[in-house]
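Subject: Structure handover

Hello,

Here is the structure you asked to look at. Please open it first and keep it beside you while you read my notes below.

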Amino acid sequence: DAEGKLLWSQTFKGGTVKEINDLVIDPEDNIFIGGYFDQELQFADTSLFSTAQSSAFYARFRENGELDWCHSFGETGNTRATVVEQYAGRQYLLGGFYDDTLKVANQSFPANTNDEDAFLLSLNTEGQVDWVRKAGGVFNEIPTGLVVDQTGHSYLAGQIVGVLVVNDSLRIESRDGNSDCFLIRYD
């Protein structure tokens, strides 16, 4: 609380690997988190299971710490959520990377190589996926920042090594094959 008194806490149990990478508080004080895990991840009485090396997850908790909903996704290899954001009081964004096959909302996205490709999801307030965007290429693309401006444009920033293909008309290449930064604006 305002005086620093602990109001509640949560512990998430499961496999050997589990990490929350980012969180955001929406206008109704719900807490939205994103991260990754292997094997199993337990939220109170709810468990998520990974069929891959690691799967991404996202979850929403009410202001009192009670789980509202949670979901996991991925397919093979590693899928990791690294950044989250909330916008327009009704949508969540979740970004991250994967290194084999990303499966979300009944869509599969193979990585261009066995290196990391970036993804961005838009989710409704019930945790259902509205759309998915992939940005991949040769070598690694890892999102490290995500923000939405007042007009609703999303900005995804991160690290790139090699070539990043955003769509048919936009291709970003690191200058000399070493690590560079990227910034992508989405409508």
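**Strands, sheets and cores**

Gln42 has Ser47 of β5 standing opposite. Please keep in mind that this is a predicted model. The strand pair in question is β4, residues 40-43, and β5, and the two pair in the antiparallel sense over four bridges. They belong to an open sheet of three strands in the order β1-β4-β5, with antiparallel pairing. The edges of that sheet are β1 (13-14) and β5 (46-49), each of which pairs on one side only.

A second open sheet has four strands, ordered β2-β3-β6-β7, and its pairing is antiparallel. β2 and β7 are the edge strands here, each pairing on one side only. From one strand to the next the twist averages 15°. Within this sheet, β2 (residues 18-25) and β3 (residues 31-37) are joined antiparallel by seven bridges. Val24 faces Phe32 of β3 across that pairing. The two strands form a hairpin with five residues between them, and Asp29 in the turn has a positive phi of about 65°.

Ser55 is a useful residue to look at next, and it lies in strand β6. Is Ser55 buried or exposed? Its relative accessible area is 5%, which is under the 20% cut-off, so Ser55 counts as buried. The side chain of Ser55 makes a polar contact of 2.8 Å with the side chain of Ser50. Leaving out residues up to four places away in sequence, Ser55 touches Gly35, Tyr36, Phe37, Ser50, Phe73 and Thr79.

Phe73 takes us to the aromatic residues. How many aromatic pairs does a search of the whole structure find? The search finds 13. In one of them, Phe73 and Phe119 meet edge-to-face, with 5.5 Å from centre to centre and 80° between the planes. This pair links distant parts of the chain, since Phe73 is in β7 (residues 67-73) and Phe119 is in β12 (residues 117-124), 46 residues apart. Both Phe73 and Phe119 are buried. Ring pairs also tie Phe73 and Phe119 into a cluster with Phe32, Tyr58, Trp69, Tyr92 and Tyr98.

Nonpolar side chains tend to be buried together in soluble globular proteins. The largest nonpolar core in this model has 19 residues, and the members that touch the most others are Phe32, Phe73, Leu94 and Leu121. At least two residues of this core come from each of β6 (55-61), β7, β8 (79-87), β9 (91-98), β10 (101-104) and β12. Another core, of 15 residues, lies apart from it; Ala118, Leu120, Val148 and Ile160 are among its members. As for Phe73, its contacts beyond four places in sequence are Ser55, Ala56, Tyr58, Thr79, Leu94, Leu102, Lys103, Val104, Phe119 and Leu121.

Leu121 also appears in a strand pairing: its bridge partner in β13 is Val132. Six bridges join β12 to β13 (residues 129-148), and the two strands run antiparallel. They form a hairpin with four residues between them, and Gly127 in the turn has a positive phi of about 85°.

Which strand does β13 pair with over twelve bridges? That strand is β14, and the sense is again antiparallel. Here Gly137 has Leu164 of β14 as its bridge partner. β13 and β14 form a hairpin with five residues between them, where Gly152 in the turn has a positive phi of about 95°.

The last residue in these notes is Val165, found in β14, which covers residues 154-167. Why does Val165 count as partly exposed? Its relative accessibility is 31%, and partly exposed is the class between 20% and 50%. Apart from neighbours within four places in sequence, Val165 is in contact with Lys134, Ala135, Gly136, Gly137, Leu170 and Arg171. Val147 is 18 residues from Val165 in sequence, and their C-alpha atoms are 21 Å apart in space.

Regards

Terms used: Residues are numbered from 1 along each chain as its sequence is written. This is a predicted model: local features need pLDDT of at least 70, side-chain atom pairs count only at pLDDT 80 or more; totals for chains, interfaces and linings use all residues. Side-chain values use heavy atoms; hydrogens and water are left out. Two strands pair if DSSP finds at least two bridges between them. Rings of Phe, Tyr and Trp (its six-membered ring) pair if their centres lie within 6.5 Å; planes under 30 degrees apart count as stacked, over 60 as edge-to-face and the rest as tilted. Buried means under 20% relative accessible area, exposed over 50%, partly exposed in between (1.4 Å probe, protein chains only). A nonpolar core is a set of buried Ala, Val, Leu, Ile, Met, Phe, Trp, Tyr and Cys residues joined through side-chain atoms within 4.5 Å. Contact means heavy atoms within 4.5 Å. Axes are lines fitted to C-alpha atoms, for helices over the stretch in contact, and angles run from 0 to 180 degrees between N-to-C directions. A polar contact is a pair of N or O atoms within 3.5 Å; within protein, one must be able to donate a hydrogen and the other to accept it, and residues adjacent in sequence count only if both atoms are side-chain atoms.
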